[in-house]
Amino acid sequence: MLRRSGLSLSQYFLRRKNCAGFSWYFNKTKMSRLVQARRLEGIDKNVWVEFVKLAATYPSVNLGQGFPDFPPPDFVKEAFMKAVGGGDIMLHQYTRAFGHPALVTILARFFGKLLGQELDPLTNVLVTVGAYEALFCCFQALVDEGDEVIIIEPFFDCYEPMVKMAGGTSVFIQLRPKAAEAGKLMSSGDWQLDPAELASRFTKRTKAIVLNSPNNPLGKVFTREEMELIADLCVKHDVLCFSDEVYEWIVYDGKEHIRIASLPGMWDRTITIGSAGKTFSATGWKVGWTLGPDRLLKHLRTVHQNSVYHCPTAVQEALAQAFQREFDSYGKPDSYFVQLAQELQQKRDWLVRSLVAGGMKPIVPEGTYFLMADFSEFKSEVPDVPDSDEPYDSRFIKWMIINKGLVAIPVSAFYSSPHKRNFDHLIRFCFAKAEATLKAAEDILQQWSLEKTGQ
């Protein structure tokens, strides 16, 4: 009929749209009921989406998002090229859903040694799509409606929405800064938990505590004494621990990364989370893992098999070879883990000097890619808007990106809503960047300082 009349389909419906009958039908077919699930309410905004878009829109030096702009080590790249270009055609097909056999085998050997446990690669290791999926599986598998989850502030921003999506309730406890020694910069180690306050957060409804050491965004490396305090409370109250250890190899100044699952009574109640992206400077590979007892991991496997199901085979094969290399050179000068920490400590010190010279007050991190800095001296540049719903640090960074070409992330994004305003004088920088990037940031800060002093 349409062909005989010479009308296209769009022309046909355009004419029909003007008819009362069609309009009535069209309005009746529009959905009016709530579409999204209730568990998504209030978590639609994401700091990374917003600031990554800004960084891409304006010419800028990006010290915001936490990824290196330098390549992974040669042996890692070569392992990947061998995996995709070699003669084993099965590396292009599905592998075992819960982890490629070669990868889970070396992960079990490597971390079994570090944890003092005999790990079964098939039951004590689960490979995931990055640490992000590992965290999601923890909350979905082990947190139920009405459960409380303790989160230490500042915290990586996905913890709170993941708790909410699982039906749980987040309970917050702050790391509280103490004054630095006279003439010294504040260290991330100056931020500590109050033991009595922490103990008060554990109730009959507490299901888990999320521990992130080294901590993003602060860079704090929890001491053995702090770990033992948390472990004792977990054992006393029969609480799980989700231990986010993605920066485990990135520790500075001779500090020691303590694995809480290695402490007495903690293996049976801890899920340890790791990241190949942070371990081998290849964040785009998106491979992570969880380690823990089978009684816990079997529930994570259920979530994994009914969501992601499978991780890329060739990448897992390459990482298996990379881990084997590091296993053989563990603790030696040629270990990439040793060299990476040394290299990043130098980059940390460079950015600290640049920020101090530029007029900011950095908090010197003990680990991770990141440092937080107090920008209070620059508040005159961007007047505050007391009635604004947007935290001041967020508006300041937007101004800084547009006017100075320097990208950071607001620290208020790493705090719960009641506490955001208390920390909106701080911003987070990433120093896991190439020398050219750090030099460009240094130049911006130097010029900014000269403008500020009128020189």
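## A helix across a sheet

Helix α14, which spans residues 336–358, lies across the strands β11, β12 and β15, and its direction is at about 10 degrees to that of β12. The model in which this arrangement is seen is a predicted one.

The strands beneath this description belong to an open sheet of four, in the order β11-β12-β15-β14, and their pairing is antiparallel. At the edges of the sheet stand β11 (361–363) and β14 (409–410), each of which pairs on one side only. Further in, β12 (residues 370–374) and β15 (residues 426–430) are paired in the antiparallel sense over five bridges, and within this pair A373 stands opposite I427 of β15.

## The annotated domain

According to the UniProt annotation, which comes from an unreviewed entry, residues 61–438 are covered by "domain: Aminotransferase class I/classII large". In the predicted model the C-alpha atoms at the two ends of residues 61–438 lie 9 Å apart, and this span is 37% helix and 16% strand.

## The largest pocket

Turning to the empty space in the model, the largest pocket holds about 990 Å³. Its lining is made up of 30 residues, and those closest to the centre of the pocket are K45, N46, V47, A413 and K420.

Several helices take part in this lining, with α4 (47–57), α8 (159–165) and α15 (392–404) each supplying at least two residues. The largest share comes from α8, which contributes five residues to the lining of the largest pocket. When the residues of this lining are sorted by character, 13 are nonpolar, six are polar and 11 are charged.

## The enclosed cavity

Apart from pockets, the structure also holds one cavity of 30 Å³ or more, and the space in the largest cavity comes to about 40 Å³. The residues that line the largest cavity are I152, P154, F155, F156, Y159, V210, N212, N215 and F222.

The lining of the largest cavity divides into seven nonpolar residues and two polar ones, with no charged residue in it, whereas the lining of the largest pocket includes 11 charged residues. Among the residues that line the largest cavity is Y159, and residue 159 is also where helix α8 (159–165) begins, a helix that supplies at least two residues to the lining of the largest pocket.

Technical notes
Residues numbered from 1 in each chain as written. Predicted model: local features only at pLDDT ≥ 70, side-chain atom pairs only at ≥ 80, totals over all residues. Heavy atoms only, no water. 1 Å grid on protein atoms, 1.4 Å probe; cavity = no way out; pocket = protein on both sides within 12 Å on 5 of 7 lines; lining within 4 Å. Points joined across faces, edges and corners; volume = space filled by probe spheres on them. Nonpolar A, V, L, I, M, F, W, Y, C, P; charged D, E, K, R; others polar. UniProt positions renumbered as here; feature names shortened; annotations may be inferred. Pairing = 2+ DSSP bridges. Contact = heavy atoms within 4.5 Å. Axes fitted to C-alpha atoms, helices over the stretch in contact; angles between N-to-C directions.
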